[in-house]
Amino acid sequence: ARTPAQGEIRRRDHVTVTTQSLPTAAPVDDRHQVVVYQGEDDLVGVAAGWFRDALKRGETVLVIATDPHRRAFRHALGALAGADQAIGGERILMLDAAQLLSEFMVGGSPDAELFDATVGGLVARTAQPRGLSAYGEMVALLWQDGNTRGALELEQLWNDLQEHHDFHLLCAYPTNVLVTAHDPVGYVDVASAHTSIFDGPPMAADAEATRHFPAHAGSPRLAREFVRATLEMWGLEALSDDAALVATELATNAIRHAGSHFAVSLARSAQRVRVAVGDVVAAAPAPRLPGPYGGGHGLHIVAATASTSGYQRTANGKLMWAELGPPGGREPHSTARLTRPGCPER
């Protein structure tokens, strides 16, 4: 039997997976992150660690949260002295999210001038001279109240504020607020308003378009729609069907086998496009022989559709990818693809 090349895995069902010539993962942009948490303990652990890291960097920490969360954060941080006191040399300042929110909301929408006067003024005072890391729950309160439009408008005001002040921002939303049994769209919209998801899946470094999706049965459809809309905008409609198929299969694989939220990254070169799906599980993909009752077809479909495909482990999971060319002009099988002998070309 042939000895597998470096970076290649030969499996029992004779499906070959290689890790050659792969796209690289993009560095995490942590300027405006979002954490989507399952339970209160999960949030406290993430937030307290984030606060400690900021304090170790010598920064001031601004916490805008509900009263129960502020108490939990104080306990996790070891009840730091001065945590509740006004600005005046203290390293950490905690404010009530609902109270601060009431100072700039007008008719269900955040007023830009009032936001700049209150939150903008607060950021300007606390960002100097040490630097600032701010944590906020005001957007989540709006979303929980059903004011999703107001929440997204507030996210944009935060983004605008970062154009004028250099600081890090972490927003927090409970999963059950953004993802319901029938609708994962809230997660997608909120993720798109941030530079990255805290401990989120990897994205391709050369991607021109990216989108995050939760581990939800409705996410492959949304990923497919995202791919189609992007390729139409790029004038690559001829690749739309194949690219949408690949995105659907890789997204389904991330949900079903990795149990992971995922990110879709799209890159183009001339008349070619590469679809990459990142998830947070580093384990190598394990192609299976299709079963008599369905299942096991996904990676074989990808291999049969793409000219090259493969995967890459990253620091925070893995990237599965496939490259597509013009219909009728597919290149011979690449050594980097996911192949199965006898799998017909499409």
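**Figure 1. Surroundings of W158 in the predicted model.** In this predicted model, W158 makes contacts, beyond its neighbours within four places in sequence, with H32, I64, F115, V119, V123, M138, F167 and L169. The residue belongs to helix 6, which covers residues 148-162. W158 counts as buried, because its relative accessibility is 2%, and buried here means under 20%. One of the residues in contact with W158 is V119; the two lie 39 residues apart along the chain, while their C-alpha atoms are separated by 9.0 Å.

**Figure 2. The open sheet of six strands and the packing of helix 6.** The strands of this open sheet follow the order 5-4-8-9-3-10, and their pairing is parallel. Strand 5 (92-96) and strand 10 (196-197) stand at the edges with a single partner strand each, so one side of each has no neighbour in the sheet. Within the sheet, strand 3 (residues 32-37) pairs with strand 9 in the parallel sense over six bridges, and Q33 has L170 of strand 9 as its bridge partner. Helix 6 packs on this sheet, where it touches strand 3, strand 4 (60-65) and strand 9, and the direction of helix 6 makes about 170 degrees with that of strand 9.

**Figure 3. Two edge-to-face aromatic pairs and an aromatic cluster.** The count of aromatic pairs in the model comes to 10. In one of the pairs, F73 and Y135 meet edge-to-face, with 5.4 Å from centre to centre and 90 degrees between the planes. Because F73 lies in helix 2 (residues 67-76) and Y135 in strand 8 (residues 132-136), this pair ties together parts that are 62 residues apart in sequence. Both F73 and Y135 are buried. W143 and Y173 also form an edge-to-face pair, at 6.2 Å centre to centre and with 90 degrees between the planes. Here W143 comes from helix 5 (residues 138-144) and Y173 from strand 9 (residues 168-174), so the pair ties together parts that are 30 residues apart in sequence. W143 and Y173 are both buried. A further grouping can be followed around the F73 and Y135 rings, since W50, F51, F73 and Y135 form one aromatic cluster.

**Figure 4. Helix 9 and its buried face.** Helix 9 consists of 16 residues, 219-234, and spans 23 Å from its first C-alpha to its last, close to the 22 Å expected at 1.5 Å a residue. Its buried residues are S219, P220, L222, A223, F226, V227, T230, L231 and W234. When helix 9 is seen down its axis, these buried residues fall within an arc of 165 degrees, so they line one face of the helix. An α-helix has 3.6 residues a turn, so residues three or four places apart point the same way. The buried residues of helix 9 pack against helix 8 (185-192), strand 11 (209-213), helix 10 (240-256), strand 12 (262-269) and strand 13 (272-279). Just after helix 9, G235 adopts a positive phi of about 75 degrees.

**Figure 5. The open sheet of five strands with helices 9 and 10 lying across it.** This open sheet has the strand order 11-12-13-15-14 and antiparallel pairing. Strand 11 and strand 14 (308-314) are the edge strands, each of which pairs on one side only. From one strand to the next, the twist averages 15 degrees. Strand 13 pairs with strand 15 (residues 317-324) in the antiparallel sense over seven bridges, and V273 stands opposite L324 of strand 15. Helix 9 lies across strand 11, strand 12 and strand 13, running at about 20 degrees to strand 12, whereas helix 10 lies across strand 12, strand 13 and strand 15, running at about 10 degrees to strand 13.

**Figure 6. The protein chain as the setting for the close-up views.** The protein chain contains 11 helices and 15 strands. Of its 346 residues, 51% are buried. Among contacts in the protein chain with a separation of 6 or more, 73% are made by residues 24 or more positions apart.

Terms used. Residues numbered from 1 in each chain as written. Predicted model: local features only at pLDDT ≥ 70, side-chain atom pairs only at ≥ 80, totals over all residues. Heavy atoms only, no water. Helix = DSSP H or I, 4+ residues; strand = E, 2+ residues; numbered from the N terminus. Expected span 1.5 Å × (residues − 1). Buried < 20%, exposed > 50% of the residue type's maximum accessible area, 1.4 Å probe, protein only. Arc of directions from axis to C-beta. Contact = heavy atoms within 4.5 Å. Pairing = 2+ DSSP bridges. Axes fitted to C-alpha atoms, helices over the stretch in contact; angles between N-to-C directions. Phe/Tyr/Trp six-rings, centres within 6.5 Å; stacked < 30°, edge-to-face > 60°.
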